[in-house]
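Visitor: Could you take me through the sheet in this one, strand by strand, and the aromatic pairs as well? I'd like a close look rather than a quick tour.

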Amino acid sequence: MTESIDQTIEGTAGGMRAGNRSLSVMDQIREAILGGAVGAGARLNEVQLSKTLSVSRTPVRAALQALAGEGLLDYAPNRGFTVREFPLPAIVDAYDIRAALEGVAVRFAAERGLATKERDIIERALAAGDKLLERGSFEAGDLTLYRDINGDFHDALLAAAGNRMLSEMIRICHHVPVSSTRNIVVFEYHDVRRRHDDHHRIFQAVVGREPWRAEMLMREHVASIKTSLVGHLSERKTYPAAEFQTAGESP
């Protein structure tokens, strides 16, 4: 059974990023796509979305058009908007580029040192991940919680790099939904445990002002995620899928 957009938005707002409660219509739809709640090829119904989000059709239509401009949606006459499908080579390319760029970002962060704000965010993310993983297994909703923890960790390191062009280039990689730091929906407990341990090692290298080690660790971290995810997608020969639904609708 698939999740409704209401549940997706509520889960997002309830995570570490409390500011998501004030997301625009476009941001809410984008978050659902990048987070994996809406699968490749899913059709987005304008009327249904306006009811679900409690807004008129005008901002929904504008949001869908803008997201099509970003490359997340495709539009076809008489069919409307659908979530763009990305072939496996495009996903591999996005991860390879992410590995290189995020490696550079943590190298910059290690060279410049962490500001108090970024260090606090990372330490909170690491502590929250430790607490979530200490049970030795996942319960319902834990992956959603870890998605925010993962995003906070990566976002804080990118902010610490202090390079706007680098941020923009990484953001483009995240527009391939399966390669976004927000999309960990196919991971199991042992996958997340391994990635979270990577986070600790990366953080220690940054704090220890070891730029080249930090870069190597981040490159290996992202590359290992690519290997796991591509293997999973190759076996399924599809992407994580869910439908945008109005609350109460059957899948």
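Guide: Here is the sheet, followed by the aromatic pairs and one helix. A word on ground rules: this is a predicted model, where local features need pLDDT of at least 70, side-chain atom pairs count only at pLDDT 80 or more, and totals for chains, interfaces and linings use all residues. Residues are numbered from 1 along each chain as its sequence is written, and side-chain values use heavy atoms, with hydrogens and water left out.

For orientation, the protein chain has ten helices and three strands; helices (H or I, at least four residues) and strands (E, at least two) are DSSP runs, numbered from the N terminus. Along the sequence the pattern reads α-α-β-α-α-β-β-α-α-α-α-α-α.

Now the sheet. The three strands make an open sheet in the order E1-E3-E2, with antiparallel pairing. E1 (43–44) and E2 (73–76) are the edge strands, each pairing on one side only. Strands count as paired if DSSP finds at least two bridges between them. In general, strands of a sheet pair through backbone hydrogen bonds, either parallel or antiparallel.

Take E2 with E3 (residues 80–83): four bridges join these antiparallel strands. Leu-73 sits opposite Val-83 in E3, and Asp-74 faces Thr-82 there. E2 and E3 form a hairpin with three residues between them, and Asn-78 in the turn has a positive phi of about 70 degrees. On the other side, E1 and E3 pair in the antiparallel sense over two bridges, with Phe-81 of E3 as the bridge partner of Leu-44.

Phe-81 turns up again among the aromatics. A search of the whole structure finds two aromatic pairs. Tyr-75 and Phe-81 have ring centres 4.9 Å apart and planes at 50 degrees, so this pair is tilted. The rule is that rings of Phe, Tyr and Trp (its six-membered ring) pair if their centres lie within 6.5 Å, with planes under 30 degrees apart counted as stacked, over 60 as edge-to-face and the rest as tilted. Tyr-75 counts as exposed at 55% relative accessibility, while Phe-81 is buried at 10%. The cut-offs are under 20% relative accessible area for buried, over 50% for exposed, and partly exposed in between (1.4 Å probe, protein chains only).

The other pair, Phe-138 with Tyr-189, is edge-to-face: 5.4 Å centre to centre, with 80 degrees between the planes. Phe-138 lies in the loop between H6 and H7 and Tyr-189 in helix H9 (residues 189–207), so the pair ties together parts that are 51 residues apart in sequence. Phe-138 is partly exposed, at 21% relative accessible area, and Tyr-189 is buried, at 19%.

That loop leads on to H7. Helix H7 (residues 142–161) has 20 residues and reaches 29 Å from its first C-alpha to its last, close to the 28 Å expected at 1.5 Å a residue; the expected span is 1.5 Å times one less than the number of residues. In H7, 15 of the 20 residues are buried, so the helix is largely enclosed by the rest of the structure. Just after H7, Gly-162 takes a positive phi of about 65 degrees.
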